[in-house]
Every structure is written in C-alpha cells, then in structure tokens.
Amino acid sequence: MNLFLLQVPMFSLFLRRHFFSTKLPTLSKVPTRHRTFALREAQNALTDYLHATRCLPFTYAEHIGNKALCSLMSLIAKVDFSAPTFSKSFQKFLRYHPINEFEVFFESIGIEYSMVSELLPRDKVFFSEDVILFDAACTLCDFGFPWEKLGLLYMAESSIFGMNAEQLNRRLCGFKGFGFGSVEVIGICLAFPFVLLEEGQVRAGRIERLLSDLKLIFLDFGLGRFVEGDVDSWHEMCRKLRVFYDLDSQKGELGELIGRHKSIFIEYTEEELVNKVDYFCRFGVKKDEVAQLILQCPEILKLDLEKPVFNVMKLLTHFGLSNEDIEEVSRSYGHVMGTNKMANLPNVMKALGLQEWFFKKIKDGNHMLLADYIARYPKEEQDLDYQESLRIIRSLKTRVHNIGKLNFLLGLGFGENTLSINLLNHLHGTSTELHERFDCLLRSKIEFSRLCMMVRTTPRILNQNSETIEQKVNFFHQEMGTTLNHVETFPAILYYHLEDRIIPRYRFHKWLSGKGLSCKKYSIRSMIANNEKKFVARVFKIHPAAPKHWFEQFRHEKDHEKIESSELLHGTC
C-alpha cells in the first residue's frame, strides 16, 4: 500500500511537469500502481542498451535514457507487462527490436515529443549513420551545456549540429576572448544560438557587434554582477536582452542604452518585458522605436495597461489633441466613442488613425501623461444606455456568444456604446472566426481605421469564411485590377458570390469591351450590385443583342434571384 501511495504521485508529477501539452502514448497494459516502476526499469534498460549494445559513452547513454520519457512510454506499450518479468522482457524487446536512436535523442535534448517525428532523418535509425550530429551534441555537453537544453539550439539553428568538434570548440573558446567564462558563454548561446554559426553563415559583423554589446552590458556596465553564477540564470538574463535585441533594426546599437538602464533587467521578468513590448508594438510603429521608448522611459513598465478603463474623448483631450480635431473625431468616428479598457488602447488609436500621433506623444517625453490620466480618472463610468443593453445581453441564453462578439468589437477599438451593441445582430460567427476574417481583410493592405469603418457600415462583410474573403480579394486585385479604394468605398461588393455573380458578370463586361461596345452606362459597382432584371436592362441599352449573349454564354444555370436574396439577407457566401 505504501509503495502504491509513493508511485502514483510520482507518475502524476511527471505528467504535470513535462507533458501537459503533449498527447502521451498510453500505458493501458501497465496497472497504475506499477507505472513508475515500469518507467524506471525501462530507463535503466535503455541506458544499458545504448551503452553496452550500441557502444555509446555511458554519460550520454544515461542522458538519453533518463530524458526520453515519452519515447520510453511508447516502447513500454509494446511489451506485455508482468511486474516480476518486466525488466527482462523489456531488455529482450530492445535486443530484437532496434530503436530509432534519433527519436530518443531528439526528445532527450528537450524537443517536444509531438515534434520529434518531423525531425527524424530519412532512412537513418542509428547514430553511426550520422556521426556528426551526435558528436556535436557531445562536444556541447562536454563544454557544459545542459543536455536537455540542446534542443533549443537545434530548433533555432539545426546547422550547429552539422559542425565538427573542432569548429564548435573554436567558436566557444573564441567567446572567452570577450571576457566571458564558460557559464556566461552557455547562457549567451542558448539565448542567441546563431552566435555558434561560422561568420559566413550569418550577416557580416552581426555576431561580433552582439558580443561587443554584451561585453559592454555585462562587464563594463556591471549587469553581470547581478546574475547568479549558473546557466539557468544567465540564460534567463540573456533572454530578457533578446527581447530588445530582436527589436533593434541596427542589430548591435542598443548596448549603451541597455547598460545605462540595466535595472529594468533586474527588476522585471521576461514575461513582463514581452507583454509591454507587444503592447506598444501594436501601435504599428517601428520596433526599434518601441525599444527606445521602454529603455528611455522605464517608468512605463510600472503602469497597468490592461485593466484600467478610459474615456476616448477625455484621453485625447488630456494628450493635447486640438479642439478642431476633437470635433472631427467625434463627428467621424462615433463607433469608437465612449469607454474602453486600456488593453485595447493601441487599436482604439489605430481605429481613429491617430496611432502615430499618440505614440510620438508618449515617445517625446509625455509618457507620464498616461500615468497621470490613470491616476486622475481611476473609475470611468460607462454610458447608461450601454449598461442597460449589456444587462439585457447578460440575461439572454446566448450571452456567452454575444459577449464574445462584443469583446471582438471592443478589441478592434470600437467603444462601449450602443452602436457597438447594435452591430452584434449583424455579425455571425464566434469571436475567433470574426478575428480571422478581419485579419484576412487586414492582410489585403486595407488601412486599419478604414476597415473598422467598413465593419461599422457593412458588418456582414465578416459573415463569410476567411478562404472565401481571400479568394474574392485576390480576384479583385489580380483579375479585375480593382484598387483597394474601390473595395473600401463599396465594401458590399464582398457580399456577392464569386463564382455565380462576380466572375461571370466581370467576364461579360470584358467581352463587351472587347467588342468595342460602350460600358459607360454602368460602373463596376452597378455591374455587380444590380439584380438580374436591372442588369439585363442596362445591358440591353448598350446593345439589343447583348442580353442574348449573356444568357447563352456567361450566365450560370442557377437561380440567381434566389442566390441574391440569400446573400443579401444573411450576408454569407
């Protein structure tokens, strides 16, 4: 009984720590109380097999045996389980069923089990068939790299494992010339794997500039004194630096700025830094400007930019937008007016087309205006009509679905107002689906504020799947040569069925033009939007014989009136 109580928690802990996101092989043949025992015996057997049978040095065989747990579970499932004989049965299984050594290797170095199958080399199962890969891992491990972290290097720069021992040692020892010890070098390499590559494999000078920056930061400015002397601590600190390095378009010119504000990297976690960087990048500005903002104005990291609620007009006034512009915003962007969460501020400004103005205000020394606003207006009140509408929504059976759609609109920058509430009945789909469709249109280079305006005036453009939207946009660009301005001024063109309405009518239009017949009596808009009766009437005015060609050569046999009615009623295609 005591053994059972010990084994079950150990196995559960193993599941929670390592495999909560991975679908595990099943161990249905092994009783729960014996699973920890089976894993331990399988680990020992695999280690012995790799060392004694496959001639791997014991240290590396043990690393693989102890850290390839999912692969082991898959092997255990193939063996009939009996506690007294399991060890011998598993050893016998390995002798007569050679394993794929690359499979257990990749999992043991920390690569997620679900990804391993995609990385396995073709027609190779033994390390002897690819000596360089395994030797590279051994060389790195001998230098001091934790075996289970080598997967970070492989997934980032797999070509590292195509370098021989001499090349790797030369690279690693070269880093010590900058004044770093082995632990520091390992932390740097894990966070910036490309530094292990030969100079010819990366952009000229990139590695040297980075290492010079890191020397300046850690040694000259003394950030290294605040890092514990172990690999994990150095890796963690270097990951924080990587957050800003990835924003630097000049690659290697942030060293002094980071060094002068090193307290940021001592006081804040990587997650906190990433969240703030992501937040300001959502303003759509240059990434190096975001890096400079946070490094030059570290006070901004203390602000809660998620939960506080702001009033759009009050915030714009607080930041100094002119009265004339305030009136224009109020008149043209009613869908953005009202309150919203600070988490949605970047998209609120993008919906107004003021994102660059607002970010410049913050960057040019006015960042404390944001803190001042949050302190001065801690509890902004929602519009009373909006509150009542929200109360009604929450009382409905479809409240979860409707709140999801409302949060989608608020996330785009729409305000907490009745206009946003009124749009809900015109939007069909989950919040995730609506996001995908909006992003699909955004990728077509429609300006964010204009796209929000299109959703305000013709919300049903989002009531079709992303693939359909993409096909239509591509046809407008590639076949019709239609500009984005045309789609923006006539977004309802996206309502109509591509195969049954848009394509045949456009091709008929090209046929008329090719025959030298004047098409000035209708525009592309009327060509697509008019129902069948009006369309044929317009075509008849161009030439009495034209309708005959339309019906015989271009018009599909489907009932177009039924299609039109369905499209305009439901906004789906």
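Start with aspartate 220 and lysine 215, whose side chains meet in a salt bridge at 3.9 Å, N to O. For a pair to count as a salt bridge, a side-chain nitrogen of Lys or Arg has to sit within 4 Å of a carboxyl oxygen of Asp or Glu. Lysine 215 is partly exposed, at 30% relative accessibility. On that scale, buried is under 20% relative accessible area, exposed is over 50%, and partly exposed is in between (1.4 Å probe, protein chains only). The areas themselves come from the Shrake-Rupley method with a 1.4 Å probe, and for residues only the protein chains shown count as cover.

Before going further, keep in mind that this is a predicted model: local features need pLDDT of at least 70, side-chain atom pairs count only at pLDDT 80 or more, and totals for chains, interfaces and linings use all residues. Residues are numbered from 1 along each chain as its sequence is written, and side-chain values use heavy atoms, with hydrogens and water left out.

By the salt-bridge rule, the count comes to 16. One of them joins aspartate 232 and lysine 149, at 3.6 Å, N to O. Aspartate 232 lies in helix 13 (residues 231–245), while lysine 149 is in the loop between helix 8 (131–143) and helix 9 (150–156), so this pair ties together parts that are 83 residues apart in sequence. Helices here are DSSP runs (H or I, at least four residues), numbered from the N terminus. Aspartate 232 itself is partly exposed, with a relative accessible area of 45%.

Now move along to helix 26, which covers residues 431–442. Here glutamate 433 and arginine 437 form a salt bridge at 3.8 Å, N to O. The two are 4 residues apart in helix 26, so about one helical turn separates them. What about their surroundings? Glutamate 433 is partly exposed at 33% relative accessibility, whereas arginine 437 is buried, with a relative accessible area of 11%.

Helix 26 also holds glutamate 436, which is partly exposed at 44% relative accessible area. Glu436 gathers with Asp439, Glu467 and Glu470 in a patch of negative charge on the surface. Helix 26 and helix 28 (466–478) are the elements that give two or more residues to this patch. To be in such a patch, a residue needs over 30% relative accessible area and no salt bridge, and like charges are joined within 9 Å. Asp and Glu count as negative, with His and the chain ends not counted, and the place of the charge is taken as CG of Asp or CD of Glu.

Just past helix 26, lysine 445 lies in the loop between helix 26 and helix 27 (448–457). Its phi is near 75°, a positive value in a residue other than glycine. Why look twice at that? Most residues other than glycine have a negative phi. Lysine 445 is also exposed, at 68% relative accessibility. Elsewhere, Glu447, Arg450 and Glu488 are linked in a network of salt bridges.

Aspartate 123 has a positive phi too, near 60°. This aspartate is found in the loop between helix 7 (113–119) and helix 8, and it is exposed at 77% relative accessibility.

Last stop: threonine 269, in the loop between helix 15 (263–267) and helix 16 (270–281). Threonine 269 is partly exposed, at 38% relative accessibility. Its C-alpha atom is separated by 7.6 Å from that of lysine 240, although the two residues are 29 residues apart along the chain.

How values were computed:
Patches are made of residues with over 30% relative accessible area and no salt bridge: like charges are joined within 9 Å, nonpolar side chains (Val, Leu, Ile, Met, Phe, Trp, Tyr) within 5 Å.
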